[in-house]
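Colleague: I've got a new model open on my screen and I'm not used to reading these. Could you walk me through it?

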Amino acid sequence: MMNVEDIKPFADVDKAYLEVFDKDGTPKNDLAAYSQWVEGKILTKGRDRQIENTLGLLGEAGEVAEKLKKAIRDYSVFDKEATMKELGDVLFYVAALANFYGGSLQYVAEMNQRKLDDRQLRGVLSGNGDDR
Ligand SMILES: [Mg+2]
């Protein structure tokens with residue numbers, strides 16, 4: 001049986017780094033450019049977009065979970081690359097929704113960093129409640 005502990009999440013971290021940054025450390029992409037690119041791929045307009053993007057996010061998050069479930073159920077090798085592709089789909093919908101709500105992926109990322117840094121400083125990184 002495959003144990004979740006057997007999954008090595010950052011085995012190719014150097015490879016991943018090279019795909020995201022140039023040799024001089026310059027990002028090949030940034031969140032603002034990505035958010036703008038996402039807008040060019042949006043097909044559903046108006047209020048329906050909010051619903052479609054939200055359902056898309058949930059669907060893609062489910063696909064991430066499915067990769068792990070199938071590996072456990074079938075005693076098979078966990079497919080990290082396929083999971084990374086699904087995480088990209090999740091990222092797409094996060095950016096789409098951030099754009100829809102008038103923010104950006106950069107704004108969401110910074111807000112999340114501030115929230116978690118604050119929780120860490122206050123010693124409440126673990127626990128319950130959105131506003132702890
Ligand atoms: Mg997908």
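Modeller: Sure, let's begin with helix axes: an axis is a line fitted to C-alpha atoms, for helices over the stretch in contact, and angles run from 0 to 180 degrees between N-to-C directions. One caution: this is a predicted model, where local features need pLDDT of at least 70, side-chain atom pairs count only at pLDDT 80 or more, and totals for chains, interfaces and linings use all residues. Residues are numbered from 1 along each chain as its sequence is written.

Colleague: Which elements does the protein have, helices or strands?

Modeller: Both kinds are DSSP runs numbered from the N terminus, helices being H or I over at least four residues and strands E over at least two. Here there are five helices and zero strands, so the pattern along the sequence reads α-α-α-α-α.

Colleague: At what angle do α2 and α5 cross?

Modeller: The axes of helix α2 (residues 31-39) and helix α5 (residues 105-121) cross at roughly 130° and come within 8 Å. That makes α2 oblique to α5, since angles under 35 degrees count as roughly parallel, over 145 as roughly antiparallel, 65 to 115 as roughly perpendicular and the rest as oblique.

Colleague: Which residues of α2 and α5 meet?

Modeller: Contact means C-beta atoms, placed from the backbone, within 7 Å. On the α2 side you'll find Leu31, Ala32, Tyr34 and Ser35, and they meet Leu105, Gln106 and Ala109 in α5.

Colleague: How do α4 and α5 cross?

Modeller: Their axes also come within 8 Å, crossing at roughly 100°, and α4 and α5 are therefore roughly perpendicular to each other. Val94, Ala95 and Ala98 of α4 make the contact with Leu105, Tyr107 and Val108 of α5.

Colleague: What is in the largest nonpolar core?

Modeller: A nonpolar core is a set of buried Ala, Val, Leu, Ile, Met, Phe, Trp, Tyr and Cys residues joined through C-beta atoms within 7 Å. Buried means 20 or more other C-beta atoms within 10 Å of a residue's own, with exposed at 12 or fewer and partly exposed in between. The largest core here has eight residues, including Val38, Phe92 and Leu105. Helix α4 (residues 80-100) supplies the largest share of this core, six residues. Across the protein, buried residues make up 8% of the 132 residues.

Colleague: How far does α3 reach?

Modeller: The expected span is 1.5 Å times one less than the number of residues. Helix α3 (residues 47-73) has 27 residues and reaches 39 Å from first C-alpha to last, close to the 39 Å expected. After α3 comes Tyr75, with a positive phi near 50°.

Note on methods: Two residues are in contact if their C-beta atoms, placed from the backbone, lie within 7 Å.
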